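Student: Please choose one part of this model and look at it closely, setting out its surroundings with care. I would like one connected account rather than a list.

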Amino acid sequence: MSYLTVEKKANIFKEFGGSEKNTGSVEAQIALLTERINSISSHLKQNKKDFSTHRGLMKMVGQRKRLLSYLSKTNLTGYRALLEKLGLRK
């Protein structure tokens, strides 16, 4: 599994959160979870019986779903822009 490096995290926070220090913004958290979900999904394609990682993946997907729901209720235009930028809901 390719873990997120410090540089990769800083790049995600800079792109979606506005700055490298803005780690708490909802958009940055969703982008980080999406990156982790994609990484773990590729790991699970090779290791089909890794059930503990599968459980962690499901927890991350649920967390991202809750954050997306919150963002859609508070900032609908930002929500739509983020979905387009991340390529979710094709």
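Tutor: Serine 69 counts as partly exposed because its relative accessibility is 31%, where buried means under 20% relative accessible area, exposed over 50% and partly exposed in between, with a 1.4 Å probe and protein chains only. This serine belongs to helix α3, helices being DSSP runs of H or I of at least four residues, and strands runs of E of at least two, numbered from the N terminus. The model is predicted, so local features need pLDDT of at least 70 and side-chain atom pairs count only at pLDDT 80 or more, while totals for chains, interfaces and linings use all residues. Residues are numbered from 1 along each chain as its sequence is written, and side-chain values use heavy atoms, with hydrogens and water left out.

Serine 69 leads to the part that I would examine, helix α4, by way of tyrosine 79: the two residues are 10 apart along the chain, and their C-alpha atoms are separated by 8.9 Å. Helix α4 spans residues 76–86, and Gly78, Tyr79, Leu82 and Leu83 are buried in it. These four residues cover an arc of only 135 degrees around the axis, which puts them on the same side of α4; the arc is taken from the directions that run from the helix axis to the C-beta atoms. An α-helix has 3.6 residues a turn, so residues three or four places apart point the same way. Thr77, Arg80 and Glu84, by contrast, are exposed on the other side of α4.

One residue from each side can be followed further. Glycine 78, which has its place in helix α4, counts as buried because its relative accessibility is 17%, and its C-alpha atom is separated by 8.3 Å from that of glutamate 27, although the two residues are 51 apart along the chain. Arginine 80 also lies in helix α4, but this arginine is exposed, with a relative accessible area of 55%. From C-alpha to C-alpha, arginine 80 and methionine 60 are 20 Å apart in space, and they are 20 residues apart in sequence. Just after α4, glycine 87 adopts a positive phi of about 80 degrees.

The cover over the buried residues of α4 includes α1, α2 and α3, the last of these being residues 51–74. How, then, do α2 and α3 pack against each other? Their axes come within 10 Å and cross at roughly 155 degrees, the axes being lines fitted to C-alpha atoms over the stretch in contact, with angles from 0 to 180 degrees between N-to-C directions. That angle makes α2 roughly antiparallel to α3, since under 35 degrees counts as roughly parallel, over 145 as roughly antiparallel, 65 to 115 as roughly perpendicular and the rest as oblique. The contact (heavy atoms within 4.5 Å) is formed by Val26, Glu27, Gln29, Ile30, Leu33, Thr34, Arg36, Ile37, Ile40, Ser41, His43 and Leu44 of α2 together with Thr53, His54, Leu57, Met60, Val61, Gln63, Arg64, Leu67, Leu68, Tyr70 and Leu71 of α3.

The other pair to consider is helix α1, residues 6–17, with helix α2, residues 26–46: they pack at an angle of about 135 degrees, and their axes are 8 Å apart. By that angle, α1 is oblique to α2. Here Lys8, Lys9, Ile12, Phe13, Phe16 and Gly17 of α1 meet Glu27, Ala28, Ala31, Leu32 and Glu35 of α2.

For the setting as a whole, the protein has 4 helices and 0 strands, and its elements run α-α-α-α from the N terminus on. Its C-alpha atoms fill a box of roughly 40 × 30 × 20 Å along the principal axes, and buried residues make up 33% of its 90 residues. Among contacts between residues at least 6 apart in sequence, 44% join residues at least 24 apart.
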